Amino acid sequence: MRQIGQISQIRRANYQPIIGLEIHIELKTKSKMFCGCPADHFGKPPNTQTCPVCLGLPGALPVPNRKAVEWTIMAGLALGCQIPGESKFDRKNYFYPDLPKGYQISQYDQPLAISGKLGNIGICRVHLEEDTGKLVHVEKATLIDFNRSGVPLMEIVTEPDLTSSDEAKEFLQNLQRIIKYLGISEADMEKGQMRCEPTVNLEIKKGNLTVYTPLAEIKNINSFRFVKRAIDFEVQRQFEEFERTGIEKQAGNKVTRGWNEQKGITILQREKEEAADYRYFPEPDIPPMRFERKNIEDLRKKLPELPEKRARRFIREYGVSEYNAAILIENKGKADFFEEAVSYARELEKPPGTKAIGDWIVNKRVDLAKTSPENLLKAILAKAGAATLDDSELIAAITSVLGINQKAVIDYNNGKEPALMFLVGQVLRRTKGKGDPGQIRLLLEKELHDDKKR
Amino acid sequence: MKLNELTIKEAHEGLRQKKFSSLELVRACLGQIKRLDPKINAFITVCEREAAKEAERADKILGQKPTDISARPLLGIPVAVKDNFCTKGLKTTASSNVLADFIPPYDATVVTKIKDAGAVILGKTNMDAWAHGSSTETSDFFTTHNPWNFNRLPGGSSGGSAASIAADETIASLGSETAGSIRQPSSWCGTVGFKPTYGRVSRYGLIAMASSLDCPGPIAKTVSDAAILLRIIAGKDPSDATTSSYAVPNYLEKINKGTKGIRVGVAKEYLAVAENEIKEAVLAAVKTLEKMGAKVKDISLVDPKYAIAVYTILQRSEVSSNLARYDGIRFGFGREKFGQEAKRRIMLGTYYLSAGYYEAYYLKAQKMRSIICRDFEKAFKDVDVILGPSAPTTALPLGASKDHPMFGEMMDILFEPSAIAGLPGLSLTCGFSAEGLPIGMQILGPQFSEELLFQVGYAFEQATDWHKRKPKL
């Protein structure tokens, strides 16, 4: 078999991968989806976190976890989804030894969230279901661990809007960041807290005709890197298969393929996906859920500032570069650390610039676990103090700018925030662009406040 | 009078006044079981030792803290429990070979509630396997016989619970109903059976038959006993999301208010289904209530025959899903142990839910369910309660269900509409056939009208002597 990436450019131009993603994310609620057992199951001794409900014992009944429902709605809102006023749970009936009730409680035709968008990628739906137990294969036997059984599992389904493995990887990283910002899951792929199943096929142009290859859903992927590799492999494989057989997509020929990490290939697991009939019907043990507009708006208010928005604000308010902003918002902890350092700086007599703080965190690869925002500032001041514009020069520029821009000063004192940015611009003009806008901003604020007090 | 013949009310008073001990009461019941149950077969499990131990514990409390009895209305009183309620450490089979050795690690909510009220669990009663049937003939173990005539069926699925009450083997019992499983055996055994509003009583720990319909309820010797039991088991349960937080009244408070001015509807469609003898007994009961001041009105309801189709589709669909967990992997035996009736229901339900058929069956049945609900709502604008026959026949001979896969559905025709609508219904005896078999009537009301149903039932019981008749045993 040829290596991936060796397809000639001419051929490449004739086909386009079509990729949709199905993502499962375990929510880190305290208790499981339908019972009081702890949801945190990673590394726990087998079958120590179970009860009649998550073991599917006769007579046991599910009671939905309110927090999990709210978090799923919040995830939907963060992905720009609509939240329908009514939702319900359904039973998805199938047999597997890790599924104790013989059905999974999931959502079929009324998911909690629909029709969203993340970047350019459409979000088809976000729904809530329960995780299954885990099969452990030992010599001559298969054991079942039900600690994971009933853990809340959020499923996100995208539209088939992705066209490359890189785009898929980027989308997933972006999504993971949002989920972590929401604080609803660690979304660690290697721990199985986030799982991705891409569905891939190709659109091929043959003269005036457009044809499609059969859909393949890829399972068993446990890292971002493998998402990319599995999709790349599958694209290549489908192209070759089509060249060889000419088989096109049709009802009933969707296949399931498993990613084999050792061999770096996908392997056919199941043909005729359409034949699986889950006999969905409304879960009679759980009444339908109704949401008032107000409930939804209250949840919307609980949303934290999401990474992309925060990055834009860092650029605007603190003057950090686009590149550094992207690194600062990588995880919520780092972004929070940066902002804490900035607010601490505001209290200093001679603060370092906000841009400088950001640069320092990024360039020095500060280990956030080993330092505090306060110590970070001390380090910056000690080493970088000299590198900034001479203070007296800067103070002179500020004093002069404040003196001749009284209208802006009054505007600012009357609460017109943009006036400050205008003054920063004026100072920078006077220093011919030298100096840190963030630092100037802080100094200006200090000056203006002192001014007010006088 | 023998102690085992007492009602809850009488037993409670006797214990309070120290006329006898709980141990004596329990022994009287165990004695009756020993004497009669080899012929009746009401019990799958009898907890002889445990019950005696519990009775001794109750006697201790009665001796040391006699005031406790007011807070615990079942203190020291024997109760028989249908074998589809999970009982911690006590075998629970649902009369199926699949669960022949299943010992639950937890108590059903209703079991916890009666235990908290002080009840002594006497044993677990026979039923149709998985509650699939109206005869106890689908039990994988044995058929229960009707105490009024051992060649007759007790009805089902709560046949063991009803027979144990009729034979005075216990003071009180718990049954469950999906559509008729409390009321139909009550009608055939001459007991009082109460099917509560759906969601009034927790299903947690009740082995599911059709989840959107299942309802635990009391089977008792008198209307007031049923009221006492229901008050204990009813209420919101955090473990059952379908229970209602609607407050549980003290059903005894207004039970003797009589029937003056109460509007009683009689549906011709229901009378038309019943045998002549039953029809006459029910009409006589209507006359009795009328004499007591009730306002009787002829009404019309959707023909109950439509409910059979709706019920069959919804129930089989849910059954096919609810029985999926019995795979023999974690507990119980494997699927090869399922009896014929369970297999039939699983196959039919699986078919109803299959892609391409779902719309034609399940969805259509749900629509018809709404029509039946609205039909009752309309009727209850004009009347307060509806009175009609319970089962369309008196107890049928043993073997009657054997070759009829739809036996249960036909026997339960008059219970299915109200069950589908989630309404409460009270079945009590309103006469006897020429053969000496009990005839049951039922009183139906709107959702959460339990209090009113007890009131009407109690008034009728006070005015008649039917409930005092006992089978010659």
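Select helix 11 (residues 305-322) and helix 12 (residues 340-353) of chain B, whose axes come within 7 Å and cross at roughly 100°. Helix 11 of chain B and helix 12 of chain B are therefore roughly perpendicular to each other, a label given to angles of 65 to 115 degrees, whereas those under 35 count as roughly parallel, those over 145 as roughly antiparallel and the rest as oblique. The axes are lines fitted to C-alpha atoms, for helices over the stretch in contact, and the angles run from 0 to 180 degrees between N-to-C directions. Helices here are DSSP runs of H or I with at least four residues and strands are runs of E with at least two, both numbered from the N terminus.

This is a predicted model, in which local features need pLDDT of at least 70 and side-chain atom pairs count only at pLDDT 80 or more, while totals for chains, interfaces and linings use all residues. Residues are numbered from 1 along each chain as its sequence is written, and chains are lettered from A and ligands numbered from 1 in the order in which they are written.

Stay with the two helices and show Ile313(B), Arg316(B), Ser317(B), Val319(B) and Ser320(B) of helix 11, which meet residues of helix 12 including Arg345(B), Leu348(B) and Tyr352(B). Contact means that the C-beta atoms of two residues, placed from the backbone, lie within 7 Å. The residues of this contact divide into six nonpolar, four polar and two charged, where Ala, Val, Leu, Ile, Met, Phe, Trp, Tyr, Cys and Pro count as nonpolar, Asp, Glu, Lys and Arg as charged, and the others, Gly among them, as polar.

Next, colour the open sheet of eleven strands in chain B, which has the order 1-3-2-4-6-5-10-11-9-7-8 with mixed pairing; two strands pair if DSSP finds at least two bridges between them. At its edges are strand 1 (43-46) and strand 8 (295-299) of chain B, each pairing on one side only. Follow strand 8 of chain B to strand 7 (residues 263-267) of chain B, which runs parallel to it and is joined to it by five bridges. Within this pair, Gly265(B) has Lys297(B) as its bridge partner.

Helix 13 (residues 359-382) of chain B packs on the sheet, touching strand 7, strand 8 and strand 9 (385-389) of chain B, and its direction makes about 145° with that of strand 8 of chain B.

Now select helix 6 of chain B, where eight of its eight residues are buried, meaning that 20 or more other C-beta atoms lie within 10 Å of a residue's own (12 or fewer would make it exposed, and anything in between partly exposed, with C-beta atoms placed from the backbone). Among them are Gly159(B), Ser161(B) and Ile165(B). Just after helix 6 of chain B, look for Asp168(B), which takes a positive phi of about 55°.

Move to chain A and pick out strands 4, 3 and 15, which form an open sheet in the order 4-3-15 with antiparallel pairing. Strand 3 (residues 90-93) of chain A pairs with strand 15 of chain A over two bridges, and Arg91(A) stands opposite Phe281(A) in strand 15.

Finally, colour chain A by domain 1 (9-300), domain 2 (305-388) and domain 3 (390-454), bounds that come from an automatic or database domain assignment. The C-alpha centres of domain 1 and domain 2 of chain A lie 37 Å apart, and their contact takes five residues from domain 1 and four residues from domain 2.
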